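Take a look at the model below. We will walk through it step by step, from strands to helices.

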Amino acid sequence: MVNLHKIKQEICEIGDRLYKKGFAAANDGNISYRISDKEVVCTPTQICKGFMKPDDLCVVDMEGNQISGRRKRTSEIKLHLAIMKERPEIKSVVHCHPPHATAFGIAREPVPQCVLPEVEVFLGDVPITKYATPGGEEFASTVLPFVHKTNVIILANHGTVSYGETVERAYWWTEILDAYCRMLMLARGLGRINYFTEPEARALLDLKQQWGFKDPRNELQNCDICANDVFRESWKASGVERHAFQPPESYRRQPAPNNPGNPASDAEALQATPEQEALIQAITDRVVAALKNRA
Ligand SMILES: [Zn+2]
């Protein structure tokens with residue numbers, strides 16, 4: 001039997017953390033917890049997540065109809081319920097607008113893998129959904145292609161959603177993702193991103209398996225895990241494309257596993273390595289010099 005008051009207190013605490021981290025401006029974001037097969041406690045609409053009291057929370061059924069609570073339930077509850085219906089073991093869903101992770105959803109830039117150990121172990125490849133107007137069924141269904149393969153999703157031009165067995169766990173995945181996206185932006189500003197080698201990445205995935213976390217990348221056989229994005233097939237439909245972050249070296253050499261006829265990606269296959277660039281530069285310099293001599 002769940003202690004409803006304790007769950008409500010925990011939701012308020014996590015709401016406070018979301019707000020203080022800057023993940024939910026004004027009345028942004030919403031949090032839910034499944035208290036039984038048929039009931040979910042959730043945050044109300046039009047409330048700042050940093051100042052909620054347990055009494056402010058609502059209870060809805062699995063279709064989103066309000067059962068109790070003096071305030072009206074969040075308009076984004078269908079997103080939470082869609083995830084809970086697909087994943088019976090998931091108890092809590094956290095949705096918010098963390099700026100760094102959301103920036104990747106606005107740029108529709110895939111989050112690079114094989115950079116940070118914590119991200120490899122706790123998150124894995126992070127998908128970006130197709131954009132849909134927030135609130136309705138269509139919006140809720142944008143997460144369905146990914147919901148079994150990850151515990152954190154970036155919502156295109158909107159925010160993030162993460163989920164887990166407890167409210168705090170559900171929140172952690174968002175916090176890890178936003179910190180990572182921020183580090184990536186800072187490192188990129190310094191000029192260079194160093195990726196793990198295949199054995200380094202494989203060691204982290206082995207660790208993940210030992211700890212009992214599932215990762216769809218473990219199903220990839222005989223290929224470089226850093227060279228493969230689990231969600232690459234969804235990129236086209238969602239308008240996701242690499243612009244800011246170059247893929248690891250190995251990515252450019254390998255054909256995609258689901259797409260054996262093609263190189264990893266058309267644009268990336270055409271990108272020159274630093275050695276090739278140096279060669280091109282040397283040839284250009286010689287041609288220019290030769291032309292000058294002639295003139
Ligand atoms: Zn939102």
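How many bridges join E3 to E4? There are two, and these strands run antiparallel. One of the pairings sets Val 59 opposite Ser 68 in E4. Keep in mind that this is a predicted model.

The hairpin of E3 and E4 has four residues between the strands. In this hairpin, Gly 64 takes a positive phi near 95°.

Now step back to the whole sheet. Strands of a sheet pair through backbone hydrogen bonds, either parallel or antiparallel. Here the pairing is antiparallel, in an open sheet of seven strands. Their order is E4-E3-E2-E1-E5-E7-E6. The edge strands are E4 (66–68) and E6 (152–155), and each of them pairs on one side only. Neighbouring strands of this sheet are turned against each other by 25° on average, direction ignored.

Move along from E4. Strand E3 (residues 58–61) also pairs with strand E2 (residues 39–42). This pairing is antiparallel and has four bridges. Val 41 has Val 59 of E3 as its bridge partner. Likewise, Glu 39 is partnered by Asp 61 in E3. So far, Val 59 has come up twice: it is the partner of Val 41, and it stands opposite Ser 68.

Look at the side chains along E3. They alternate. Cys 58 and Val 60 point to one face and are buried. Val 59 and Asp 61 point to the other face and are not buried.

Next comes E1. A hairpin of four residues joins E1 to E2. The two strands pair in the antiparallel sense over three bridges. In one of these, Arg 34 has Val 40 of E2 as its partner. E1 also pairs with E5, again antiparallel, over four bridges. There, Ile 31 stands opposite Val 94 in E5.

Which faces of E1 are covered? Both are. Asn 30, Ser 32 and Arg 34 are buried on one side, and Ile 31 and Tyr 33 are buried on the other. That makes five of its five residues buried.

Now add the helices. Helix H2 (residues 77–86) packs on the sheet. H2 touches E1 (30–34), E2, E3, E5 (92–96) and E7 (159–164). The direction of H2 makes about 135° with that of E2. H2 is mostly covered, with eight of its 10 residues buried. Among them are Ile 77, Leu 79, Leu 81 and Ile 83. Lys 78 and His 80 of H2 are buried as well. What covers the buried residues of H2 includes E1, E2, E3, E5 and E7, along with helix H5 (137–141).

Helix H6 meets the sheet too. H6 lies across E1, E5, E6 and E7. H6 runs at about 140° to E7.

H6 also has a helix partner. Helix H1 (residues 4–20) packs with H6 (residues 167–190) at an angle of about 15°. Their axes are 10 Å apart. Angles under 35 degrees count as roughly parallel, so H1 and H6 are roughly parallel to each other. H1 passes H6 in a right-handed crossing. From H1, the contact uses Glu 10, Ile 11, Ile 14 and Arg 17. From H6, Val 167, Glu 168 and Tyr 171 take part. The residues of this contact divide into four nonpolar, no polar and three charged. An α-helix has 3.6 residues a turn, so residues three or four places apart point the same way.

How values were computed. Residues numbered from 1 in each chain as written. Predicted model: local features only at pLDDT ≥ 70, side-chain atom pairs only at ≥ 80, totals over all residues. Axes fitted to C-alpha atoms, helices over the stretch in contact; angles between N-to-C directions. Parallel < 35°, antiparallel > 145°, perpendicular 65-115°, else oblique. Left-handed = near helix turned anticlockwise from the far one by under 90°. Contact = placed C-beta atoms within 7 Å. Nonpolar A, V, L, I, M, F, W, Y, C, P; charged D, E, K, R; others polar. Pairing = 2+ DSSP bridges. Buried ≥ 20, exposed ≤ 12 C-beta atoms within 10 Å, placed from the backbone.
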